[in-house]
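User: I'm new to this and would like a close look at how the domains of one chain meet. Could you walk me through that part and then show me how it fits with the rest?

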Amino acid sequence: MNTSSANLKKIVIEPVTRVEGHGKVTILLDEKNKVHQARLHVVEFRGFERFVLGRPYWEMPVLVQRLCGICPVSHHLAAAKAMDIVVGVDKLTPTAEKMRRLMHYGQTFQSHSLHFFHLCSPDLLFGFDADPAIRNVIGVAQKFPDLAVQGVMMRKYGQEVIKVTAGKKIHGTGAIPGGINKNLSIEERDVLLREIDQMVAWAQGALKVAKDYSVENLEKVIPFGSFESNHLSLIREDGAMDLYHGNLRAIDAQGNKIFDQVDYQNYLDYINEEVRDYSYMKFPFIKALGTQDGWYRVGPLARVNTADFIDTPLAEAARKEFMAVTDGKPNNLTLAYHWARMIENLHAIEKIQDLLNDPDLQGKGLVVKGERRGEGVGLIEAPRGTLFHHYRVDENDQVTMANLIVSTTNNNEPMNRAVQKVAMDHLDGAPEITEGLLNHIEVAIRAYDPCLSCATHAMGQMPLEVSLIDCEGKLIDKKSNR
Amino acid sequence: MSETITFTIDGVEVKGKAGQTIMQAADGAGIYIPRLCYLEGCEPFASCRVCTVIVNGRPQAACTQPIAPGIVVENNTPEVTQIRKDIIEMMFVEGNHFCPVCDKSGNCELQAIAYRLGILVPKFPYLFPVRELDASHPYIFIDQNRCILCGRCVQASRDIDGKHVFDFVGRGPEKKIRVNAAARLADTDLDITDKACDVCPVGAILKKGVGYAVPIGQRLYDKQPIGSDIEANANK
């Protein structure tokens, strides 16, 4: 698309609000407000791959989780899984694996609840172009107090699960190379069991909100920021959804398998990353399909699409209902992420329920040792999608190479496509570019629950500033919510 | 029998034996005086100054200052606490102490004293020095970023292990710990069972692979503040 022609105006949404991290959107319009280009830019630089070099390998699970304050457990566990390989351990003890799973499901539950209730529910409950003074989490708390309390309590429950498995609600130390550093005491288990039935019920309620919104607004949901794409996730050997461990599966928009049951230690044979000059975030793609056709979605929508089934009964029933909308074919609707996310939320709490009743969690075998290796890859299905950690470690135990492909990076191209699609559908030719119209762009981005920096500082109210600039850089108009 | 000497610490009468330091007498009385370089069994040399007390109006190092009849020692007062906080804060800014990811966290004496003194954020500017790592030894890892130059490893290696693996080199800002080899720790005769491997108060000398094996909540200073063991003597 030509972006250098004269008389183009540039709209900048900076920062994008109610997402984790800092990003901005630029939209180039001509004199008749026709959209020429719309892009999501990630404006933060992440230097973790550089400054972990030289550090001892056992620090990685604790060090790299500092990437993020929202889902640090995902980085903690992905690094720990890579370091399991480095210390020569291919199979953990049942106690270690189940403690890690419990930690991870707690993470998924709190992160999905946070996103649904705090970040995206204002758009769904009040409308995309509702008054921004109401269209926020405080507005939700005022008009839907029961729902708001459930959101807070569900997130708290997930954080409590993390605390008893990792030692702290944020940035704990539970997973260590080759295992875990604690088991679950009877007292810790019983505290969590007291509220588990309530959490399952609330997760079902949240799923109903997301499903009802999608079904009742199908005419709006179907075209909104939607496009066909490939989908990628980990998958269990029997085809079940598995958020903690599995092999890689990629499918195309019709559900045909591009590759399946790929050992992720060999991910570099299948995945590559492209660099573009307008973003610090790379653009991953499936090697065999190239940059044009190889991009893919990850996260809840991709995982529900790639899974043959879910191994917990309530979430499986919900998955079947979800897949019926598209006659069993992959769902390629951007707004369907919310529904899929709440199916996963229910799955996570069902898994927590199962694990709390598993006596293996009180086992004594915590760590396994093996023969040191020079390299390890750890993958996990983080709340926002497939997370890759890859390290090389020298004979002195120091890290010599780190490559992290974070979940949101995998969704870079889809988010850009969603931004472009919504801009074309809603802004193109509009007589006036209102805040409500611009929020449509943010709604599309929010559906992916991006963690743009994997940083802690993006929660809460963030300033929204929109500048209308002509092609010569002259400021025509500026609006701010501050 | 040794002569009993009576003096006061913060107005409380304390009895010690002739030849004891203020720190030894205070320990016996269950009064905690913070310290970092002091190593039991070795000759104190007052390098860290964290044990500074005010004796009859003058600052002195409690680890080397002998007790005397009737001396008035100020220990837990706002003035002394401020001196110690300044010293501790300078240690933090002189090195690169990233407590959140340090495997010594929870077992670190520097961190524990900072917590005990109520330090939140150092008021001095961080220097962010460029420091070396030595991971060459199969069992021991040296991270100079965290070294506070207390000298415990120097003393332990020389006086207890009889090896002289570590020593100071340089002066002033250039002062650092060096190993007794051309370049690397692996070329010394340091053994994992040496006392020198166990005395570092911070995370500068660590045993490899131990990492975060002790969960949060069960680490040494998770349970009680540093000095609590000494203060328990007060009730005996």
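Analyst: Here is a walk through the domain contact in chain A, followed by one residue and then chain B. Before we start, this is a predicted model, where local features need pLDDT of at least 70, side-chain atom pairs count only at pLDDT 80 or more, and totals for chains, interfaces and linings use all residues. Residues are numbered from 1 along each chain as its sequence is written, while chains are lettered from A and ligands numbered from 1 in the order in which they are written.

Chain A splits into domain 1 (9–43 + 414–480) and domain 2 (48–176 + 183–409), with bounds that come from an automatic or database domain assignment. Taken over C-alpha atoms, the centres of these two domains of chain A are 26 Å apart.

Now for the place where they meet. Domain 1 of chain A brings 29 residues to the contact and domain 2 of chain A brings 33; two residues are in contact if their C-beta atoms, placed from the backbone, lie within 7 Å. On the domain 1 side, strand E3 (35–42), helix H14 (412–427) and helix H15 (435–447) of chain A each give two or more residues. Helices (H or I, at least four residues) and strands (E, at least two) are DSSP runs, numbered from the N terminus. The top contributor is H15(A), with 9 residues. Sorted by class, that domain 1 side has 15 nonpolar, 5 polar and 9 charged residues. Here Ala, Val, Leu, Ile, Met, Phe, Trp, Tyr, Cys and Pro count as nonpolar, Asp, Glu, Lys and Arg as charged, and the others, Gly among them, as polar.

Let's zoom in on one residue. Ala302(A) sits in helix H10 (residues 300–306) of chain A. Ala302(A) counts as buried because it has 29 C-beta neighbours inside 10 Å (buried takes 20 or more other C-beta atoms within 10 Å, exposed 12 or fewer, partly exposed in between, with C-beta atoms placed from the backbone). Leaving out residues up to four places away in sequence, Ala302(A) touches His231(A), Leu232(A), Ser233(A), Arg297(A) and Gly385(A).

Chain B has two domains as well, domain 1 (4–76) and domain 2 (86–223). Their C-alpha centres lie 25 Å apart, and their contact takes 11 residues from domain 1 of chain B and 15 from domain 2 of chain B.

Finally, the chains touch each other: 16 residues of chain B and 19 of chain A take part. The chain B side has 10 nonpolar, 4 polar and 2 charged residues.
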